[in-house]
Amino acid sequence: MNCGRLCGQLLIGHRGLAQGLTVYGPCRVQVQSLLREASVQTRLFRTDFRRHESLLARLRKGFQQHAVGISRACARQVEYVMALRIRRAQQAGLFYFHLCGGAYLRDFVTRIFSRILLRLRASLRHSPNNLLLSASVMPFFRWNEERIPSDFMMRYSKELEAVACLRGHTCGQPGNPGKPNDKKRSPSLTCPSHFHDDRPEDPWELFIHQGNLLVWRREVPNHRGEGLFEYKVYGSYDDITAVDFLAVHVDTEFRREWDASAVILDVLETDEESNSEVVYWEMQWPRMMSNRDYVYKRRYIIDEDQKVIVFVNQNTEHEAAPVRAGKQRVTEYWSIIVIKPLSDLDKPGLEFSMTYFDNPGLVFPSAFASWATATGFPDYLNKLHMATLKFADRRMKEEEAAAARKAAEAAEAAAREDKRRKEEEERRKLDTSHPHPSPPETWEVFVGGGPVLSSTACDPTNPNEQLNYLLNKLMLLGT
């Protein structure tokens with residue numbers, strides 16, 4: 001027992017106990033052998049440590065001495081591998097080019113490259129710090145092919161004249177619409193509109209009439225019997241401008257403030273030359289139903305000569321907004337909004353027309369669909385009207401604040417200029433009231449052609465003036 005305790009103390013490192021080992025007779029030989037073995041292992045460990053330390057020092061020194069050569073060797077190796085990979089890719093591309101044809105290969109490469117950029121742009125968009133970088137990635141939308149044509153939009157510049165004709169057929173006098181006609185359907189119309197006289201077999205029927213708000217509807221040819229209609233809305237306001245009314249439609253950030261149904265509303269791409277955009281919109285639907293999302297292109301034209309604004313939306317596709325699980329993608333959607341001011345574009349007073357079709361991908365009972373539309377349209381237009389008033393008030397406050405800032409900056413600049421002018425005047429007055437003393441005249445023009453020194457200006461009691469007199473005399477002698 002004493003021997004075991006002694007060995008444990010030796011393993012811990014108490015070397016001072018080695019002197020007392022002689023008193024333990026039976027354990028003396030074993031302890032000495034353990035000490036010899038421990039000393040041998042210690043010497044071996046020290047030797048290995050010195051060897052490894054010297055090896056690491058040599059390696060470090062070698063890297064420092066040959067850093068340039070090692071870097072060049074690594075660069076040559078990387079270049080060789082990259083050249084080999086590029087050559088293999090070129091060979092594979094030529095093979096598929098001859099096998100499939102050039103057009104197919106170009107389209108395939110374009111799709112792959114677009115997908116890579118799409119993923120890069122989507123990953124950068126999730127971080128607000130990388131918003132500028134994500135915006136710099138090249139666009140995916142083919143504006144030259146998908147842009148809404150100007151001639152198509154300007155076809156509807158006379159839409160409000162056609163709406164006046166429609167109001168005359170369904171509501172009596174076009175200027176002051178009365179009650180709807182007793183007949184549910186209006187007769188075939190020959191109004192000057194591509195939305196009125198293109199399908200005389202599907203005349204418009206008056207659906208809602210509340211004050212200045214009129215809504216007509218008619219069936220869509222490829223959705224007969226499904227309870228889907230296209231709608232035409234007419235309204236007028238005397239307290240908002242046409243420019244503000246358009247801005248509320250275009251401003252996606254502001255719409256998220258007043259439209260609670262807009263879950264997501266983002267602009268995917270913009271073509272500033274034509275006032276065109278591609279928008280992703282997720283619309284909130286009631287519970288137990290999937291939200292509807294839209295990908296559509298839009299464009300507006302402001303015709304100052306005719307004093308009319310045409311705003312068109314059409315469904316489209318975009319690689320930045322693929323179909324998402326849990327959302328019902330709406331693939332049939334379009335709307336045409338025509339805004340005409342009563343006087344000028346920036347003066348209060350306007351009338352508008354909106355022709356609209358939307359296929360949500362779900363067939364509702366006819367009574368329920370009619371009730372939802374009859375309550376939804378007035379509520380939406382009321383929110384739109386109030387939002388336009390709020391937008392106009394905000395715009396006026398921003399303009400007033402900007403004008404106040406400009407006036408404050410101008411006043412500050414004028415104050416600085418006035419202060420500078422006063423300081424210059426005070427300095428000028430000080431100079432005129434206290435002129436600087438002129439130096440004593442010590443030179444006189446002589447008939448001989450050269451200056452001579454005069455002693456009339458020299459005070460013999462002042463040593464400084466005497467010194468100056470002597471210096472001037474020396475300069476005169478030197479000349």
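Me: Where is leucine 55 found in this predicted model, and why is leucine 55 called partly exposed?
Reply: Leucine 55 is found in helix α2, and its relative accessible area is 40%. The term buried is kept for values under 20% and the term exposed for values over 50%, so a residue at 40% belongs in between and is called partly exposed.

Me: What makes leucine 55 eligible for a nonpolar surface patch, and which residues make that patch?
Reply: A patch residue must have over 30% relative accessible area, and leucine 55, at 40%, is therefore above that cut-off. The patch, of about 460 Å², is made by Leu55, Leu56, Leu59, Phe63 and Ile70. Its largest share, four residues, comes from helix α2, which covers residues 28-65.

Me: Why is histidine 249 called buried, and what does this residue touch?
Reply: Histidine 249, which is found in helix α9 (residues 242-250), has a relative accessible area of 10%. Because buried means under 20%, this value places histidine 249 among the buried residues. Leaving aside residues up to four places away in sequence, histidine 249 touches Arg298, Phe311, Ile337 and Leu384.

Me: How do you know what confidence the predictor has in the chain?
Reply: The predictor gives each residue a pLDDT on a scale from 0 to 100; the mean for the chain is 78, and 72% of its residues reach 70 or more. Over residues 128-138, however, the pLDDT is below 50, and this stretch has ten contacts in the model beyond near neighbours in sequence. Residues 173-190 also have a pLDDT below 50, with 34 contacts in the model counted beyond near neighbours in sequence.

Conventions
Residues are numbered from 1 along each chain as its sequence is written. This is a predicted model: local features need pLDDT of at least 70, side-chain atom pairs count only at pLDDT 80 or more; totals for chains, interfaces and linings use all residues. Side-chain values use heavy atoms; hydrogens and water are left out. Patches are made of residues with over 30% relative accessible area and no salt bridge: like charges are joined within 9 Å, nonpolar side chains (Val, Leu, Ile, Met, Phe, Trp, Tyr) within 5 Å. Accessible areas come from the Shrake-Rupley method with a 1.4 Å probe; for residues, only the protein chains shown count as cover. A salt bridge is a side-chain nitrogen of Lys or Arg within 4 Å of a carboxyl oxygen of Asp or Glu. Helices (H or I, at least four residues) and strands (E, at least two) are DSSP runs, numbered from the N terminus. Buried means under 20% relative accessible area, exposed over 50%, partly exposed in between (1.4 Å probe, protein chains only). Contact means heavy atoms within 4.5 Å.
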